[in-house]
Structure formats: C-alpha cells, structure tokens
Amino acid sequence: MMGEQGMKEKITREQPMRDDNIGEDNMREIPNDFNPAQNASQAAPEAQMYHAELSSQEPMQSVLANNPEIYFVTPKRGSDWGNWEYKPGSYYDTTSGAKHPYWQKHDLPRATKDIGRLRQDMLRWGYCKIKDALSAEQVAQIRQRVMDQAEGERLAGIAQKTPSGQNINCCVNKGRCFELLIEQHPDMVQGGPLVEQIVTEALGSGWICTSLIAAISLKGGVPQALHQDQNNALDSRSPMSINILTAISDVDESNGGTLLIPGSHQVLTEAMRNQKPVGKLPPAINLDAKAGTMVITDGRLLHGTGINRTDEPRIVMLNGMQKSFLRQQENWMLSVRPEVLERASPKLLHRMGFQATTGTQTNEGHGFGAKGLAGEAAGATVAFRIAADKGTYHRVGELGPTSSAAELSAPYTLRDVVRTARKGGQSAPVGIGGLGLGPSKT
Ligand SMILES: O=C(O)CCC(=O)C(=O)O
Ligand SMILES: [Fe+2]
C-alpha cells in the first residue's frame, strides 16, 4: 500500500525517472481508477472472491466450540514451570486406548509389521504403528545423541524450550544418525523399506521431508494444543502430509504419549468437504508405543504432546513428510551445514528439497522440465548453495545489448550447473506443457 509519504512528490512523464529511483520516495501519480482508497471502497469482505473459504477458521473453530474439553492450555515458563491448572475431564485427562472405557472395545491400531493391517489402521484411524522399525541398538544410538545434544544446547544457552519441554530442531546438522533417519536408511531404520512403502502410498511418490525434530517432553510441561499437522487443503481426501513419530522412549499415558483422537482425520475432513461444523468428537487417548516403533500419523489427525508425569524425559522424533510441492517447515536451503550437504546422498538431498521440478524451487530457471527425482541432474540445485557457501555464487543480473564482454562472459554459476547437468547428452527438457512436468507423479 502506498503511504502518504510516497504520494508527496510526483514525477511527470516529462521527467524520466532514473532506474534507481523506482519504488523509492519518488513515484508517478496513481491514476484515479487504481487509487488505493478507491480500491478499498470496493473491497468489503463480503465482496471479495473466496472470502468465506479463505477466512474460515474451520475445522478448529467448531472443534473448540462443540468440544469444550478441548482448549488451549497456557504455557508456563521459568519459575512458573509446572504451575498450571489441571482440569479433570479435559482432553489431556485420559489414558491409552486399551485402558480407555470408550475406546477399549474398538480395534485401535496395533504395532505390527503386517502391511495389510498398517494400511487398514491408517485409513480407518489415521495412524499406524510399525513394530521394531528401529532395533534396540538403533534406538540407543539416537537416544544418546538426542540427550547429549539437548544438554549441549542448554549449556550453550540456545536450548529451544517448548511448552512441553525442549525441542531439538534441524537435527540433520546434529549427527550422522539423523541424516540416516531422514533417509530411513536401514543402517538407522531397520524397517525403512516398509516405512517408505506406507508413506509412498499415503502421499504418492516424490514426497519430501519437512523437518526432523526431537521432541522432549518433561515433567511440569503443559499438554500441547490439539492440532492437525497438515495446515492446507483440509478437505483433502488423502493426506498432504504425514508425520513419522519415532518413539525413542517407551511412551504411554504416564510419560506424555502423544494425545490423539483416533479417526479424527476423517471426521474433520468430511466436515470440511460438507461445509458443516465438526460436532462432538470421541475422546482423545494417549499413544502407547514401545521404543523403536514408528508411528505414522495422517497429517489431518488431531493430536498433540501429552503430559509427562515421570522424572525421565520422553523422547519422540518428529519426522514430517509431505507432498513435494509444499513449502517445508525447516528451511533446509539455508540451514543445512556445508559438510552435511557435501556428503549427502542423492536421496537425502532430494528429501530436503534440493531437487527442483518445473513448478517448485527452480533456481535461476534451472530445474524446468525436471521431475524432482533423486539424483536427477536436470533439477539438482545443491551446487548453487555450495557456491553460495564458498562465496563464489555468481548470479545472472541485468544484461543487455550494451553489456561489456566481461559481463557477458562472467562465470555465472548457472552456466556451470547447466553444463554439468547436460554432460553425457542429458539436457533438461525446456518449456512447460508436456505430461509429468509438474511435481513428480511417477
Ligand atoms: O510431542 C508429541 O508427542 C507430538 C508433537 C507434535 O505433534 C508437534 O509438535 O507437531
Ligand atoms: Fe503435530
């Protein structure tokens, strides 16, 4: 919006503007038809396209209105830690499914390696439990790294405290074990292939990782507000995102096993599709899972961290995966350490979003025509980031007929990247319009 400041000095057509004045405090007079005040006078909320949809707070608005036991518990910090009002009958006043009077008669998800059962649990309940996805040794390795890192971040004064305890963000920079966890590499996730199969069925191929966080819940923390991890297309018929919750501690009702409402993924999306409020929901339960279990949750499922009543930290790795065209929670483009990038496998790079497709994250145009496959040179963008780290990223700027020979032959990074991509006759297809040029569907 134009402030009065900008309108003060007008420049007429007879006074050509210098390029470097564009957008600063000198500007042309805005024709009346485009005047911001005129615009605003015709933009009452009800007149705006898609107003109802874009301003809807659903489905959470009706979840909260029709389920008073679900509410936001105000976080407590510092000397107030632990000093919060526990209200019996609230969403967090619950237990695991097998012990819950409402749920015990239902066939809730069971920890299993049976893919048929896993599929059924995902569809019906919005989550499934992959038994022993990590071996005891794999769990121990991650547990040690998480505990050490948590302490290190506290000592450094950079611990990321949460209402429930402490999170360790951007784990990919904090230990080789986490790189492998994101890849579901069998060296760190013995059940990796089964996990990937379920995720691929849920999201379609080409999915990427949104973040990897260690969520540590501590005694005294408040329960997290129930939420859906997916925050777009809430009427979608299949999930846009899923979260892989890896139990690194045994979790249950005693130590903050994740609160969730089984089946809520369907209830909430159906309400959205039918444009109806969400009514009375069944009660939440605490997730119970042995360490090493990977719990895959549908991004539409209502859930949140439970209350840890024990003296031991509860550790769950939160590893979100999503369709390839969604913006990621962690800004891997900037945050990943150079040494991690240099040794990253094609799969890890892909998962962090360093493979462009025509419609997502092309870099100076490199990536048009790419399918977003791991190791696909036509869409690989990591070389730009590595050049930036080295201070040698030479971006293409303003060029024209009067550009000097030096400007025209400058060592543009794009030139090198494209040259590398085309080695061996592999040139990137140009243009938009063919099949399969969007986010990968193959
Ligand atoms: O800590 C947990 O159990 C779940 C955390 C969670 O859902 C989140 O942070 O999005
Ligand atoms: Fe969540």
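Helices H5 and H8 sit oblique to each other, because their angle falls outside the named ranges (under 35 degrees is roughly parallel, over 145 roughly antiparallel, 65 to 115 roughly perpendicular, and the rest oblique). This is a predicted model, where local features need pLDDT of at least 70, side-chain atom pairs count only at pLDDT 80 or more, and totals for chains, interfaces and linings use all residues. Residues are numbered from 1 along each chain as its sequence is written, while chains are lettered from A and ligands numbered from 1 in the order in which they are written.

Back to our two helices. They pack at an angle of about 40°, and their axes are 11 Å apart (axes are lines fitted to C-alpha atoms over the stretch in contact, with angles from 0 to 180 degrees between N-to-C directions). Here is who meets whom, with contact meaning C-beta atoms, placed from the backbone, within 7 Å:

| Helix | Range | Residues in the contact |
|---|---|---|
| H5 | residues 115-125 | Ile115, Leu118 and Met122 |
| H8 | residues 192-203 | Leu194, Gln197, Ile198 and Ala202 |

By class, that contact has six nonpolar, one polar and no charged residues.

Now for some strands. E10, E9 and E12 form an open sheet in the order E10-E9-E12, paired antiparallel (two strands pair if DSSP finds at least two bridges between them). At the edges are E10 (285-286) and E12 (303-304), each pairing on one side only. Two bridges link E9 (residues 259-260) to E10, and Leu260 stands opposite Ile285.

Zooming out, the protein has 15 helices and 13 strands (DSSP runs of H or I with at least four residues, and of E with at least two, numbered from the N terminus).

How values were computed. Two residues are in contact if their C-beta atoms, placed from the backbone, lie within 7 Å. Ala, Val, Leu, Ile, Met, Phe, Trp, Tyr, Cys and Pro count as nonpolar, Asp, Glu, Lys and Arg as charged, and the others, Gly among them, as polar.
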